[in-house]
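Dear colleague,

Please find below the structure that I am handing over to you. I should be grateful if you would read the notes that come after it with the model open beside them.

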2 protein chains.
Amino acid sequence: MYGWRGKILRVDLTSGKIKEENLDPKVARDYIGGRGLGVHYLLKEGDPTCDPLFAENMMIMAAGPLTGTSAPTAARYMVMTKGPLTGAITCSNSGGQFPKEMKWAGLDAILFTGRAKEPVYLWIDQGRAELRPAGHLWGKWVPETTDALLKETDPKARVACIGPAGEKQVLFAAIMNEKDRAAGRSGVGAVMGSKNLKAVVVRGKDAVPIANKDRFAEINNRVLNKFREGVQKMGPSPLSQHGTIGVMTPLVQKFGVFPTQNWQQGQFGGWEAITGQTLTQKYLVKTRACWACPIACARVTKVEEAGFEGEGEGPEFETGFALGALCMVDNLAAITKANYLCNELGLDTISMGGTIACAMELYQRGYLTDKQAGGPVLWGDGKRLVELTRLTGLREGFGDELALGSYRLAEKYGHPELAMVSKKLEMPGYDPRGLQGQGLNYATSPIGASHCRGHMAYCEMVGIPKAVDPHEWKGKGKLVKLWHEVFSIFDASGLCMFFAGRNLVRPELEIYPDGILEYLNAVTGAEYSMDELMKAGERILNAERLFLVRAGFSRKDDSLPSRLISEPHTAGPSAGKVVHLEEMKDEYYRERGWDENGIPTDKKLKELGLN
Amino acid sequence: MYGWRGKILRVDLTSGKIKEENLDPKVARDYIGGRGLGVHYLLKEGDPTCDPLFAENMMIMAAGPLTGTSAPTAARYMVMTKGPLTGAITCSNSGGQFPKEMKWAGLDAILFTGRAKEPVYLWIDQGRAELRPAGHLWGKWVPETTDALLKETDPKARVACIGPAGEKQVLFAAIMNEKDRAAGRSGVGAVMGSKNLKAVVVRGKDAVPIANKDRFAEINNRVLNKFREGVQKMGPSPLSQHGTIGVMTPLVQKFGVFPTQNWQQGQFGGWEAITGQTLTQKYLVKTRACWACPIACARVTKVEEAGFEGEGEGPEFETGFALGALCMVDNLAAITKANYLCNELGLDTISMGGTIACAMELYQRGYLTDKQAGGPVLWGDGKRLVELTRLTGLREGFGDELALGSYRLAEKYGHPELAMVSKKLEMPGYDPRGLQGQGLNYATSPIGASHCRGHMAYCEMVGIPKAVDPHEWKGKGKLVKLWHEVFSIFDASGLCMFFAGRNLVRPELEIYPDGILEYLNAVTGAEYSMDELMKAGERILNAERLFLVRAGFSRKDDSLPSRLISEPHTAGPSAGKVVHLEEMKDEYYRERGWDENGIPTDKKLKELGLN
């Protein structure tokens, strides 16, 4: 096969048995790869009703056919499992170098089942794979773990591991690769921890075979020349210059959709202190790129301020939003330090910030006392932010309660309405009261509130591929359906949305000649038609929905916090607006061919070969 | 006379006539000086019903018998007039060098009446006094004005002047001496501006005559030795080390009485970023002392951060509170820059911060729009804080509305309840919900909410001279009455409360041997008895009340914002408490010998020789 390596690795942690098997070409074609492969196996072999932290849960690491090729941003892999924070299916996406290494080692996916009696790690050296004891690594933080594993395997290998947060099953623990890249959301790190799997270490030496080298080279030259011309004409892209935090922060502030003080406000007075331009000026050491990426949006930073000393990657926009504006912290040193701790302990920064902000509002309203929280939890307290992040990753003191996420925290203290989540997943930094489509996306995204499974900010804020009215809710059902499918194709192919988002695949979205379709066909030789490709995207969405339905999810779970439905902002560009969720859901379900309760019809499932 | 110079200067600005007259020894003895002299003349010659910004209003600058002597902290003078912000009598207090210079020039007080046709300044060179044209100074900021006046008079002279804020009659404009020392409250600078009086420049060469030099020297040695011993034993006093902002900030935070987000909260998460310790570390250039002061609590600072560059004095605690916590700004550079602008333009920092915080809450609640405010007014926006301060001092754009103070601003936008004032004067940085006595003090202080006419934090927080329960309201009526009298003696004698507060004058308050009584008798030879001195304090209070009553004030005006009466904090040490104001007022009036409507009885007035 081309693009695909045609190989799946099965690792049963209970028995310790490892088995390699061939990838079914029809499955590859129908599900593309990455996220698609993950849901295929989860649906076929996983148990949607299982406790995510029990041995019965299945965890899959999967790359796409483009992953590891030299196509721009072809650096992504997906972790698929049933998320412990949400109880929903999840696909947690990361870049860096580990995914490329996995592909070069000859694998499209790794399927983990069961639970090891003792801590272990998986070492894959080209063809060979073995489970090794990891007792000596248990308790170690991410950087220490990574360095130790490179020593005892191969300095050229790549490591994806968990930190103390994953070991202790913090419900929003992440899987970290190359120390700072995170498969962050839904608690995939806790699943790894529950399996006693400390790390996966991979060394790969075989480049991904390309079906049509000339065609691939021609496309790549065209795309990269276009990128270089852009840089020559307009200078480096904002993403390259100041990272995600530099691009999005001023934009959400301008639109009045920058969630502030646990979503009580839509603009943050301290925004300029926590934007990318400030980060560049104060703490930037250098930029860093994932495999094959010409953008290099990652920020390597260093903070020397007393109490906040550290070095690492970040913060990204989502981190600046969650640990910053949401908590009313405009101390960039504190935010960056808390970010370092999230990376070192293995925590999702969005859920960490969202949970602390929730605690701050519980405290503000007197539902949470000093005694219960081990001291004040005050808006804008950067020092406390850092302390609570550390306590959460180690599950010490009040951190042991924060470790369960904002929904369980708010529920425990009698006010679940203060948890700003959908499907118990903390929402990213775009207030749906000013972006109707993003609201529908959060509510209907299969994994819970996510901006990575269909980012409506592209058309509602940035105008990519074309601008739509962010306050209009009519027609958003149809649009979100399309974006959900387009993003599932990004996630399945192995490209990053920052590049793929500019290479869309539907005429009505102004298709670019350098689209994903071209790349897929050049690399795999599968000669997908556009309809076939979009059908694959739709198949992935419906397969995920089927998993959710079997897990007990339905329309009632496609929800948003009441604050977004009934509490309009009083100030700023999004003042007076609330999310028209139910109307948009009706349209979305209709477009999907689901019934009004959000259940896929037999007709639709048959059409997609899912029954 | 000793201590007193026995001379009053009368300056009628309408006619330009200047007349010197003798100070009546009985008036001096009965009213001591400073604040006492001021109220005596205002009551006798002023019109309580006049418009404060019309020529009819009288403005008095008065020093005390101790002012200009070498008694520790004997550096204060008072500006007395009818305040344009409040419509109440006011006494605005400042230190530095100007008051000493006035005494050394042979004057106890200067009485200004009328209004000059053209801008003028008063130049007093020892005995001689003249009005000079000031057209060439009009529009100039405080530092420029001060430097120009020293050039055209005497480099050794001292200048008290107004900036653009006073000229444009910002209702909380200050009178600045030595550039950075402020007679800040109630808008005394606007009165000076309404009189076309740009400045008063004084040069004095005769030391203040002391009645009993040996006794004075003995007291001074004892007091200063005790002070020095303290420094040797316990190190420099916190006030010397980190200023008022270093002493009070951690304390109000600890007590949960640090007014935050326009008094919506009682603790500020960003407090550590704006405390004196941080100021010392980041911006302190040197400390500065007023005349004869061994403490030197003033901070000379310098900020180099882009957009906030400047140099000057401050911030004091009240400034850090008002421009910081109240606005949720924890950017110390922005706070300090706004402080510099207040000094340079001639603005009261408490009212400036209180008014901006009020605008922020009006904006947050949607009562004030972007269009009306010329853009967002967001919590924590340090850059906007600086911009609005400048606009206010120059009365440009939205600043022209802020220039009227929080009460008129909140009323204009339909929500006077959001103005955190008493008698329309913005409250200083101590939340009465956690300090009952301070609440009664704010409500009954003759000039409106002030901490300088009877600072209950001494006993309710610091335990000077002895600790009382801050949450107990019974007995506070009696205590506040006593403190009002004690403080009127500080204000009349010319001492600073930071020193005088440790030298109280009543046995039940643990009188110190080195009390004010001793100093007054050694300096003046008047041989006051303790009862006579306390009676003088009571006389001053009642004379001020008489002025208020004639201006139409009564019990209804001894009020606090409804927020303090009906909205308890939900978190922190003061959670669940509200101010028991009416009960405390009943007790206060009883103790004062006033009727239940707060009107002094004939019996009381006769007893004090006020009818």
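The notes below take up the conventions, the relation of the chains, their interface, the domains of chain A and some backbone features.

This is a predicted model, in which local features need pLDDT of at least 70 and side-chain atom pairs count only at pLDDT 80 or more, while totals for chains, interfaces and linings use all residues. Residues are numbered from 1 along each chain as its sequence is written, chains are lettered from A and ligands numbered from 1 in the order in which they are written, and side-chain values use heavy atoms, with hydrogens and water left out.

How the chains are related

A turn of 180° with a shift of 0.0 Å along the axis lays chain B on chain A with an RMSD of 0.0 Å. The two copies are therefore related as by a two-fold rotation axis. The superposition is by least squares on the C-alpha atoms of residues with pLDDT of at least 70 in both copies. The copies meet through the same surface, because 100% of the interface residues of chain B are also interface residues in chain A.

The interface of chain B and chain A

In this interface, 24 residues of chain B are in contact with 24 residues of chain A (contact means heavy atoms within 4.5 Å). The area buried between the chains is about 1800 Å², and carbon and sulfur atoms give 46% of it. Buried area here is the accessible area (1.4 Å probe) that two parts lose on being put together, summed over both. Of the area that chain B buries against chain A, Gly269(B), Leu378(B) and Thr570(B) supply 24%, more than any other three residues.

The rule finds 2 salt bridges across this interface, a salt bridge being a side-chain nitrogen of Lys or Arg within 4 Å of a carboxyl oxygen of Asp or Glu. The side chains of Glu272(A) and Lys383(B) form a salt bridge, at 3.1 Å from N to O. Between the two chains, 7 residue pairs are in polar contact, both residues being at pLDDT 80 or more. A polar contact is a pair of N or O atoms within 3.5 Å; within protein, one must be able to donate a hydrogen and the other to accept it, and residues adjacent in sequence count only if both atoms are side-chain atoms.

The domains of chain A

Chain A is divided into domain 1 (7–203), domain 2 (238–421) and domain 3 (426–607), with bounds from an automatic or database domain assignment. The centres of domain 1 and domain 3 of chain A, taken over C-alpha atoms, are separated by 26 Å. Their contact takes 39 residues from domain 1 and 37 residues from domain 3. Between them these two domains of chain A bury about 3300 Å², with 64% of it on carbon and sulfur atoms. On the domain 1 side, Arg29(A), Arg35(A) and Leu66(A) lose the most area to domain 3, together 23% of what that side buries.

Across the interface of domain 1 and domain 3 of chain A, the rule finds 3 salt bridges. Arg29(A) and Glu532(A) meet through their side chains in a salt bridge of 2.6 Å, N to O. The same rule-based search gives 14 residue pairs in polar contact across this domain interface, both residues at pLDDT 80 or more.

Backbone features

The peptide bond from Gly314(A) to Pro315(A) is cis, with omega near 0°. Pro315(A) lies in the loop between strand S15 (310–313) and helix H10 (317–323) of chain A. Helices (H or I, at least four residues) and strands (E, at least two) are DSSP runs, numbered from the N terminus. In chain B, the peptide bond from Gly314(B) to Pro315(B) is cis, with omega near 0°. Lys424(A) has a phi near 65°, a positive value in a residue other than glycine; Lys424(A) is placed in the loop between strand S16 (421–422) and strand S17 (425–426) of chain A. Most residues other than glycine have a negative phi, and most peptide bonds are trans.

With kind regards
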